[in-house]
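Visitor: Pick one part of this model and take me through it up close, please. After that, I'd like to hear how the rest of the chain looks around it.

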Amino acid sequence: MQMPKEQAGTMVSSSSECPIHRLPPELVFKIFDYLDLPSLKSVSLTCHRSEQLFAEYCPRRCILYIAKRPHVPIVEHLKKAAKMLLRTKRTYRSLQLHVAKPRGNKNMQAALGQLLEPRLLQQLVVLKLDLAPDSLTFAAQLSGAVAHMDRLQELTIRSTVDCFSPLQFSELRLANRSLHKLVLGHVWPGVIDCPNLRLLEATASLDVETIVGKQYAQHGGREPHWKLNQLEELVIVEELCMALDMENRPGYKVHFFRQLTQLKRLHCNTGYISERIFQAIGESCVLLEDLSIASLHLVDPNSLRVLANLTRLRQLAISHSFKPIPLATIVCLPSLERLLLDRVVIDWQQLPNVQSLQWLKIKPYAEGVRPLCDALAGPLKQLHCLWIDFCYAMDTPTREEILAVLPTLPALQTLVLQNVYQLQFLKAMPPLAGLKRLVMFTASAYESEEDYTITAEVLGQLVPNARRVEIGSSKPLHGNVFTQPYQFFKSRTAFGYLLPTDHHSKWELRQYNHRYILPLR
């Protein structure tokens, strides 16, 4: 049947319009989230409507960076930035600002006041401040600006000096009702009063637990300076901080952890966690789902039984322990899914059949290989993911003994092998038909072309159902190492966000900044 001319004309006109223009901007912005910046730029050049959408979207995703420029006075730079923000129609949501006191110039406070105009900052969701030691003069001004940001969700404050000189700004008061995440890098403020604060990340050569714990001890559990007992996530990284003598700081750290009863995620990359502190965590932080400890110092390994209180714990990571850890005490946790043990001697005795544990990372020592193989063939045979960090001193026959037991894991889907100094020894590994992903990290001390030459046919026979093999290296491997096409990526975080890790493992994986992907089919 022939359509009327006017109806046909309407349909032709409708079909000439770009379909994406019919979508609401919020949905288009969701699509833009999946594109990298070069692709976004290409989209913005297609038509005026796309350019307009890009102009509205860009301030939401990109950070406006205002920093000191060479040969340009910082005051003049701040004034120009303030004028730009007054004239622009874009609504910036993320701002990174470098604050320093210029020599011989008294106009910095006025210029900073123009930039921190409340009207310009009302839309800010993310604010990042880089503070120099001499920026203490502007602490009150910065405190007032933060207090007036009604939509601020994330605040990052970092020191521009090295970690040997942490900045303690007693005049810096962080009071904000909307703030959800606070990141402090070698800076510690005098006041934290953010009722909606749920996540705190503190990196410093300061003993944060002792500083805040002293507040609780001296004020009967009250919080006159730092209100943190509502936190749900806490990450503490103390760089180059010597462990304090617990006898000289009686109970300060214990007081600190006893107040954090709402924590669901705790990463302590500090000097060490003593038995008293570990007991406080297990008794008070009963809502924990993710616990990571850099160094655990238990006099009595049976102290681990306090973990029975953490019935919601899904991931546990221990990077180092002074005493052997009885694995039977840990794997009995009802919700535990991921266990990451690094420089830890494991006691494999009386290991029960494990039901919930799916991901295991271990660093086996030569004397513990036999019990490890027995555990993999028995109580741990339900594992879905296994990460083995080989010791440098472990010989090839011992490594091959571990690989030989892998076919006894019928549910194994992901295998990670770290400190692999030869790919040739993989030929001794039996085929793993159920394996979907194979990741290997080279041993930097032994890297050479001959050690990593292997064909796709050999790998395809070892993992017949895997689509690809991933190799991480601390330095470029020459093109003639791989006898088949491969993809290459260079990133300091290439693997840290692709594997479930704790803070220590993620930092360790930064050395493997060269990532090779070998497709097998």
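Guide: One cut-off before we zoom in: a residue is called buried when its relative accessible area is under 20%, and exposed when that area is over 50%. Keep in mind, too, that this is a predicted model.

Let's start at N419, which sits in strand β18. Its relative accessible area is 4%, so N419 falls under the 20% limit and is buried. The backbone there is worth a glance as well: N419 isn't a glycine, yet its phi is positive, at about 65°. For background, most residues other than glycine have a negative phi.

Strand β18 spans 414–420, and one of the things packed against it is the set of buried residues of helix α14; those residues also pack against α13 (369–377) and β17 (385–389). So let's make α14 our centre. This helix runs over residues 396–404, and its buried residues are T398, R399, I402 and L403. Around the axis they span an arc of only 145°, so they sit on the same side of α14. The helical repeat helps in reading that list: an α-helix has 3.6 residues a turn, so residues three or four places apart point the same way.

Now follow that packing across to α13. A375 lies in this helix, and with 4% relative accessibility A375 counts as buried. Skipping anything up to four places away in sequence, A375 touches W348, L351, L380 and K381. If you'd like a distance to check in your viewer, take the C-alpha atoms of A375 and N353: they are 9.3 Å apart, with the two positions 22 residues apart along the chain.

Two of those partners lead on to other places. Take L351 and you're right by Q350, which belongs to the loop between β15 (346–347) and β16 (359–362). Q350 is another non-glycine residue with a positive phi, here about 55°. Its setting is exposed, because its relative accessibility of 74% is over the 50% limit. Compare N419, which is buried at 4%.

The other partner to follow is L380. Together with L228 and L386, L380 touches the most other members of the largest nonpolar core, a set of 133 residues. The biggest share of this core comes from helix α5 (residues 74–87), which supplies 6 residues. A second core, of 11 residues, lies apart from it, and its members include A317, C385, W387 and L509. Grouping of this kind fits a general trend: in soluble globular proteins, nonpolar side chains tend to be buried together.

L228 has its own circle of partners. Leaving out neighbours within four places in sequence, L228 is in contact with I192, L197, L200, V212, Y216, E223 and L260.

What about the cysteines? C385 is buried, at 14% relative accessibility, and C391 is buried too, at 12%. The structure as a whole holds 0 disulfides.

For a helix to set beside α14, try α6 (residues 108–115), where M108, A111, L112 and L115 are the buried ones. Viewed down the axis of α6, they stay within an arc of 100°, so they line one face of the helix. One more buried spot is S50 in helix α4 (residues 48–61). Its relative accessibility is 6%, which makes S50 buried, and beyond four places in sequence S50 touches H21, V43 and S44.

Zooming out, the protein has 16 helices and 22 strands. It is 521 residues long, with 49% of them buried. Of the contacts between residues at least 6 apart in sequence, 68% join residues at least 24 apart. The accessible surface is about 25200 Å², and carbon and sulfur atoms account for 52% of it.

Last, how far does the predictor trust its own model? Mean pLDDT is 81, with 82% of residues at 70 or more. Strand β11 (residues 290–293) has the highest confidence, at 95, while helix α1 (residues 5–15) has the lowest, at a mean of 43. Across residues 1–15 the pLDDT is below 50, and that stretch makes 2 contacts beyond near neighbours in sequence. Residues 241–248 also stay under 50, though the model gives them 13 contacts beyond four places in sequence.

Terms used:
Residues are numbered from 1 along each chain as its sequence is written. This is a predicted model: local features need pLDDT of at least 70, side-chain atom pairs count only at pLDDT 80 or more; totals for chains, interfaces and linings use all residues. Side-chain values use heavy atoms; hydrogens and water are left out. Buried means under 20% relative accessible area, exposed over 50%, partly exposed in between (1.4 Å probe, protein chains only). Helices (H or I, at least four residues) and strands (E, at least two) are DSSP runs, numbered from the N terminus. The arc is that of the directions from the helix axis to the C-beta atoms. A nonpolar core is a set of buried Ala, Val, Leu, Ile, Met, Phe, Trp, Tyr and Cys residues joined through side-chain atoms within 4.5 Å. Contact means heavy atoms within 4.5 Å. A disulfide is a pair of cysteine sulfur atoms within 2.5 Å. pLDDT is the predictor's confidence in each residue, from 0 to 100. Accessible areas come from the Shrake-Rupley method with a 1.4 Å probe; for residues, only the protein chains shown count as cover.
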